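Here's a quick walk through a few helices and how they sit together. Have the model open and follow along.

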Amino acid sequence: NPEDPKFYRKKGIILFGMKNYEEAKNNFQKTIALNPEDVQAHINLGMVHYASGNKNDALKSWEDAIGINPEDNDSKALNNIGNIYKAKNDLPKSIEYYKKAIAYEPTNSTYLNNLGDSYRLKGDLAKAEETLLNSLEVDTNGMLTHFNLGVLYQTEGKFKKAIASFQKSLNINPYYTEAYYQLATALLKTNNKASAKQSLEKAIQADPNNLKFKELYNEVLAS
C-alpha cells in the first residue's frame with residue numbers, strides 16, 4: 001500500500017542494512033511525510049545521517065524523535081544523542097543524555113557503559129568505575145565494558161587490573177584488535193615484554209596495515 005507509512009519504514013530498514021543510505025533516507029522521509037509522528041522513522045533517519053557522516057542532521061532527527069511524545073520510551077534516541085556529544089567531546093552533554101536514556105532503562109548495559117566511559121573521559125574516575133561495574137552486573141559479557149574498564153585502570157596506574165580486563169574483553173571477542181594493543185601497553189608497564197610482543201603479533205596478524213601496532217612492536221623488538 002503506497003499510502004502506508006510502515007511500508008516505507010520497513011523498506012528503509014532493508015536498504016539501510018544493505019548500506020544503500022540514500023534510498024534508505026528517501027524511504028524514511030516518505031514515512032515521516034505520511035506520518036510525522038512516527039518516532040521510529042525519525043530515529044532510523046538519524047541512523048542514516050549518522051552512518052553517512054552527517055552528525056548534525058542525525059542530531060536533529062533524534063531531537064525530533066524525542067520531542068514527539070514525552071511519554072514514549074525515547075532511550076534509543078537519547079543514547080544516540082549522547083554518542084554524538086561524546087564524539088564532539090562535549091562530555092557534560094553526553095553524560096546528561098546518557099542519564100536520560102538510563103532513566104527509561106536503568107538496566108541497559110550499553111547505556112551504562114557509555115555513561116561510564118564518558119565519566120572516564122571527563123576525569124571522574126570513581127564514578128566511571130562504579131558505572132562500568134554496574135554495567136557488568138547487568139551483562140558480564142560486555143566486551144566493550146571490560147575494555148573500557150581496562151583503559152580506566154590503565155589511567156589509574158592499576159596495570160594488573162587493566163591486564164585482567166583486557167584479557168576478559170579478548171576472551172569475549174578475540175578479534176578486537178585495539179584490546180591486543182592496549183593489553184600490550186599494560187604488559188609493558190609490568191615489564192612483561194614477551195607477552196606484550198605476543199599480544200602485538202596477534203594485533204598485527206589481524207590488522208597488518210595498522211601503523212600504530214607496528215611502531216610499538218618495533219619498539220619492543222628494539223628494547
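Is Ser169 buried or exposed? This is a predicted model, and in it Ser169 is buried, with a relative accessible area of 0%. Anything under 20% counts as buried, so Ser169 qualifies at 0%. The residue belongs to helix H10, which covers residues 159-172. Setting aside neighbours within four places in sequence, Ser169 touches Met143, His146, Phe147, Tyr176 and Ala179.

One of those partners, Ala179, brings us to the next helix along. H10 packs with helix H11 (residues 177-189) at an angle of about 155°, and the two axes are 9 Å apart. That angle makes H10 roughly antiparallel to H11, because anything over 145 degrees counts as such. As for handedness, H10 passes H11 in a left-handed crossing. On the H10 side, the contact uses Phe159, Ala162, Ile163, Phe166, Gln167, Ser169 and Leu170. H11 answers with Ala179, Tyr180, Gln182, Leu183, Ala186, Leu187 and Lys189. Sorted by character, the residues of this H10 and H11 contact come out as 10 nonpolar, three polar and one charged.

Now for helix H9, where Met143, His146 and Phe147 are among the buried residues; these three also turn up in the contact list of Ser169. How many of the 13 residues of H9 are buried? The count is 11, so H9 is largely enclosed by the rest of the structure. Besides the three just named, the buried set includes Thr145, Asn148, Leu149, Gly150, Val151, Leu152, Tyr153 and Gln154. The cover over them includes H7, helix H8 (125-138), H10 and H11. After H9 comes Gly157, which has a positive phi, near 80°.

Helix H6 is worth a look too. Its buried residues are Leu91, Ser94, Ile95, Tyr97, Tyr98, Ala101 and Ile102. What do the buried residues of H6 pack against? They meet helix H4 (55-68), helix H5 (75-87) and helix H7 (109-122). H7 is also part of what covers the buried residues of H9.

Here is how H6 and H9 span from first C-alpha to last:

| Helix | Residues | Length | Reach | Expected at 1.5 Å a residue |
|---|---|---|---|---|
| H6 | 91-104 | 14 residues | 20 Å | 20 Å |
| H9 | 143-155 | 13 residues | 19 Å | 18 Å |

The reach of H6 is close to what is expected, and the reach of H9 is close to its expected value as well.

Note on methods. Residues are numbered from 1 along each chain as its sequence is written. This is a predicted model: local features need pLDDT of at least 70, side-chain atom pairs count only at pLDDT 80 or more; totals for chains, interfaces and linings use all residues. Side-chain values use heavy atoms; hydrogens and water are left out. Helices (H or I, at least four residues) and strands (E, at least two) are DSSP runs, numbered from the N terminus. Buried means under 20% relative accessible area, exposed over 50%, partly exposed in between (1.4 Å probe, protein chains only). Contact means heavy atoms within 4.5 Å. The expected span of a helix is 1.5 Å times one less than its number of residues. Axes are lines fitted to C-alpha atoms, for helices over the stretch in contact, and angles run from 0 to 180 degrees between N-to-C directions. Angles under 35 degrees count as roughly parallel, over 145 as roughly antiparallel, 65 to 115 as roughly perpendicular and the rest as oblique. A crossing is left-handed if the near helix is turned anticlockwise from the far one by less than a right angle, and right-handed if clockwise. Ala, Val, Leu, Ile, Met, Phe, Trp, Tyr, Cys and Pro count as nonpolar, Asp, Glu, Lys and Arg as charged, and the others, Gly among them, as polar.
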